[in-house]
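Reader: Hey, got a minute to look at a model with me? I have a few quick questions.

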Amino acid sequence: MSHLPSTLVCQGCGHSVPPDEPYPFRCPNADQDEDIDHVLRRVLDISRLESPEALSRPFLSDLRSPFLRFGRLLHSYQTAHQKGLDDTSFAKLVTRIDAAVEATEGRGFRVTPFAPADKLAQALDLRPGALWVKDETGNVSGSHKARHLMGLMLWMEMGRQIWPESLESTPRLAIASCGNAALGAAVVARAMDYPLDVYVPTWADAAVTERLAELGATLVPCSREGSMTGDPCYHRFKEAVAEGALPFTCQGTENGLVIEGGKTLVWEMVSTLMLEERQLDHLCIQVGGGALASACIQGLLEARTFGALDRLPAIHTVQTSGAHPLHRSWEALIERILVRHQRETREMPPHLGEDAERAEFVRDRVSPELLQGELHYAATHRSEFMWPWEEEPVSIATGILDDETYDWLAVVEGMLLTGGIPLVVGEQTLTQAHTLAREHTSISADPSGTSGLAGLLELQSRGEVQPEETIAVLLTGVER
């Protein structure tokens, strides 16, 4: 296996995390300027890659555990390797955590299905083989969320071996969630005997809170009071982190390494596409806080770097008409890009065109230097692009009703690079997608879990899907 030069760097201020930092979750400058998007992202030094082709080998592996199959591509492995932890020791660590999760939940982490859904495609008037579905409902705790938390736990347990003098006590973990993220966190934390505080809204589903209590999590109800803006659970979670709790959460802004485990989902998809010699033209991803989309985008970009993927699909995000902060951030940034492009090149961009027309123009005509310059501006002027939704969000897709898209910058960047667009879907479309998925697949996903399919319906209604194209959607979040 070739060495993978892997560093965590803050998107906003450029801070590079020292290699001996036991908990490199947040940029140390994060609380100094709230208008800078202090998000840690893994950066690869491509010039130092010994053999990029060798990095594509895990995609051809038949190992059933995603964290064994792709473990060597993770930042946690690279750090462990540099600190003297050999491959066997790392594999034993993955196996130990996975076995503990299986003992707690009744199932461990396994590669989940990704295949054509021809019956569903026919119902959507698509040709056979045109629609591929990634089914995450059979994953640990019923969604993709536990992948993120497994990636974090892998880092923390690895750190106990590498820095035992720094990590003698078991830290208290915290998360703000009332659904799949909380359940995933509770399973993984319980498996490894970490105490977990879960900040939940007062209206949280009783079945979810009962299961969280069964798993030993401490529940902290949070109410939305007066003129408060933003998620009250997230505010209370932030206070807990400031008081010393570790962010065991699915917000990349609070813990950059949460993206690590989520990449395994899209890497599994790339594995299947490699074996089938197929390419995707479109990928629809449902977005709440944005960690799933951020992980998929970064995973696809890295898969291309590793030589496992020739080209990226157009990445489209899906939010509800009840709350779509991502669309307005994309709108503000793309307008800045188009105005600057016109000023510098004298080329007239499609200011008043459809979203897809503007997205394709930026992908095909705008220089990488201009694009990266505007992304840096956005990272250092966050409040101009992302702020809490002004009203309490309401939708049947409760799992994607985050007041903010916390990982918005990486997600917007992924759309700009690929020509994708932020789709906003109404309740009727969300209901239609849920019904279609339940009637034409054997997958029992809830309305949040089928909202990626609602995005495909929206694309079709706009005439953005061509007969010869191949589309993928993620069905994640089991109906409870």
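Reader: Let's start with the second largest pocket. What's its lining like by class?

Author: This is a predicted model. The lining of that second largest pocket has 10 charged, nine nonpolar and six polar residues.

Reader: And which residues lie nearest the centre of that pocket?

Author: Glu34, Tyr234, Lys238, Glu254 and Arg382, out of 25 lining residues.

Reader: What volume does the second largest pocket have?

Author: About 600 Å³.

Reader: Switching to cysteines: how many disulfides turn up in the whole structure?

Author: The search finds zero.

Reader: Hm, why is Cys10 not bonded to Cys13?

Author: Their sulfurs are 3.7 Å apart, which is too far for a bond, because a disulfide needs the two sulfur atoms within 2.5 Å. Cys13 also holds the closest cysteine sulfur to that of Cys27, but at 3.6 Å that pair is too far for a bond as well.

Reader: Is Cys10 buried or exposed? And what about Cys27, buried or exposed?

Author: Cys10 counts as buried, at 2% relative accessibility. Cys27 is buried too, with a relative accessible area of 3%.

Reader: OK, zooming out. How many helices and strands does the protein have?

Author: 16 helices and 12 strands. The C-alpha trace spans about 60 × 50 × 45 Å along its principal axes.

Reader: What does the radius of gyration say?

Author: The protein has 21 Å, which agrees with the value near 23 Å for a compact globule of 480 residues. Buried residues make up 60% of those 480. Among contacts with a separation of 6 or more, 75% are between residues 24 or more positions apart.

Methods: Residues are numbered from 1 along each chain as its sequence is written. This is a predicted model: local features need pLDDT of at least 70, side-chain atom pairs count only at pLDDT 80 or more; totals for chains, interfaces and linings use all residues. Side-chain values use heavy atoms; hydrogens and water are left out. On a 1 Å grid over the protein atoms alone, a cavity is a set of points where a 1.4 Å probe fits but cannot get out, and a pocket is an open set with protein on both sides within 12 Å along at least five of seven lines; lining residues have an atom within 4 Å of a point. Grid points are joined across faces, edges and corners, and a volume is the space filled by probe spheres set on the points. Ala, Val, Leu, Ile, Met, Phe, Trp, Tyr, Cys and Pro count as nonpolar, Asp, Glu, Lys and Arg as charged, and the others, Gly among them, as polar. Buried means under 20% relative accessible area, exposed over 50%, partly exposed in between (1.4 Å probe, protein chains only). Helices (H or I, at least four residues) and strands (E, at least two) are DSSP runs, numbered from the N terminus. The radius of gyration is taken over C-alpha atoms; the globule rule is 2.2 Å times the number of residues to the power 0.38. Contact means heavy atoms within 4.5 Å.
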